[in-house]
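Hi everyone, thanks for coming. Please have a look at the sequence and the model on the screen while I talk you through them.

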Amino acid sequence: MATRPTPVAKKRGSARRSLRSLGTIAVVAGLVAAVGIPAYGALSLPEDAKTIQEVAEAGAQSLIVASEVETEGLQRDSYAATTPEEIEKKKAAEAAAARAKMVGSTASVNVDLSLVGPGTGPARWPLAALTRIGDGFMSRGGAHYGVDLIAPGGTPIFAATDGVVRISQESYYGYGVAIVIDGVINGQKVSTLYSHMTYGTRTVGVGAQVQAGQVIGLVGQTGRAFGNHLHFETKINGSLVDGLGFLRANGG
Ligand SMILES: [Zn+2]
């Protein structure tokens, strides 16, 4: 949750080192859904992205939602629901309640307020502080096409490259709230996917031009995810590659 202290790496070097050492031993049993998600395709889907103003309005509206939810005695992290639809509904209600609390609160809360991703190059790390890595590329018997970067819900997600937004949806199959950006680095087409983001936090819609390091949304657990994390996928010239390897080789 946003109220949880968020470690922010001051030095990219130290973050990388801890990232590397953790990468070999990280076990995230139960936190990350062990389900296969198909790689994102070249689908052209309806534009339904919200503007920042609309997100703000949604936040205001969710103040009402939140009070209703609370009077119903909904307990965080307790999913009595059994169907995926019910679970999604409860997650949406919780996300709305969380947003409402943030909007309505004037108290100082310990959230990551980064507005620009670290680094200066054409490729950037999508999170400012990488502390834990979950399932890697081609894990789960080859059914996992991304790398899971674990971070608290509400952590800013940055565009890994300059580019044009191809997909921006609140519900993109098992990816939940997701964005796909098509960019070009040194003549190579680089497509990056960011998923399981928090509802109502996308800042860019289809066709938008984005810059590397720009905030595009917040970490969440929408779609087929149990536990907050960023599922990050990378394609180079249309072929899936290890997103973590791509970041280690180019990010900065
Ligand atoms: Zn994943």
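I will start with the model as a whole, then go on to the strands, the metal site, and a few single residues.

First, some ground rules. This is a predicted model, so to speak about local features we ask for pLDDT of at least 70, and side-chain atom pairs count only at pLDDT 80 or more, while totals for chains, interfaces and linings use all residues. Residues are numbered from 1 along each chain as its sequence is written, and side-chain values use heavy atoms, with hydrogens and water left out.

How confident is the predictor? pLDDT is its confidence in each residue, from 0 to 100. The protein has a mean pLDDT of 75, and 61% of its residues reach 70 or more. Two stretches have pLDDT under 50 throughout: residues 1-36 and residues 41-78. If we call heavy atoms within 4.5 Å a contact, the model has 64 contacts beyond four places in sequence for residues 1-36, and 48 for residues 41-78. Please be careful there: where pLDDT is low, the predicted coordinates should not be read in detail.

Now the overall picture. The protein has five helices and ten strands. Helices (H or I, at least four residues) and strands (E, at least two) are DSSP runs, numbered from the N terminus. Of the contacts with a separation of 6 or more, 71% are between residues 24 or more positions apart. The accessible surface comes to about 12000 Å², and carbon and sulfur atoms hold 58% of it; the areas come from the Shrake-Rupley method with a 1.4 Å probe, and for residues only the protein chains shown count as cover. I will call a residue buried under 20% relative accessible area, exposed over 50%, and partly exposed in between (1.4 Å probe, protein chains only). Of the 252 residues in the protein, 46% are buried.

Let's follow one strand, E6, which covers residues 188-197. How many of its ten residues are buried? Eight of them are, so E6 is mostly covered. Two strands pair if DSSP finds at least two bridges between them. E6 pairs with strand E5 (residues 177-185) in the antiparallel sense, over eight bridges. One of the partnerships puts Asp 182 opposite Ser 191 in E6. E5 and E6 make a hairpin with two residues between them, and Asn 186 in that turn has a positive phi of about 50 degrees. E6 is also joined to E9 by six bridges, and these two run antiparallel. Here Val 190 has Ile 236 in E9 as its bridge partner.

E9 brings us to the metal. Which residues are the protein donors of the zinc ion? They are His 144 (NE2), Asp 148 (OD) and His 231 (ND1), at 2.0 to 2.1 Å from it. Donors here are N, O and S atoms within 2.8 Å of the metal (3.2 Å for Na, K and Ca), and water is not among the atoms, so sites may look incomplete. The spacing of the donor residues in sequence is H-x3-D-x82-H. His 144 sits in the loop between helix H4 (139-142) and strand E2 (147-150), while His 231 is in strand E9 (residues 229-236), so the pair links distant parts of the chain, 87 residues apart. His 144 is buried because its relative accessibility is 1%, and His 231 is buried with a relative accessible area of 1% as well.

Next, the aromatic rings. Rings of Phe, Tyr and Trp (its six-membered ring) pair if their centres lie within 6.5 Å; planes under 30 degrees apart count as stacked, over 60 as edge-to-face and the rest as tilted. This rule gives three aromatic pairs. In one of them, Tyr 172 and Tyr 175 are stacked, with 5.6 Å centre to centre and 15 degrees between the planes. Tyr 172 is buried at 1% relative accessible area, and Tyr 175 is buried at 1% too. Together with Tyr 173, these two form one aromatic cluster.

Finally, two residues with positive phi that are not glycine. Met 138 has phi near 65 degrees and is found in the loop between strand E1 (132-133) and H4. Arg 140, in helix H4, has phi near 55 degrees. Met 138 counts as partly exposed because its relative accessibility is 36%, and Arg 140 is partly exposed at 23%.

Thanks for listening!

Conventions
pLDDT is the predictor's confidence in each residue, from 0 to 100.
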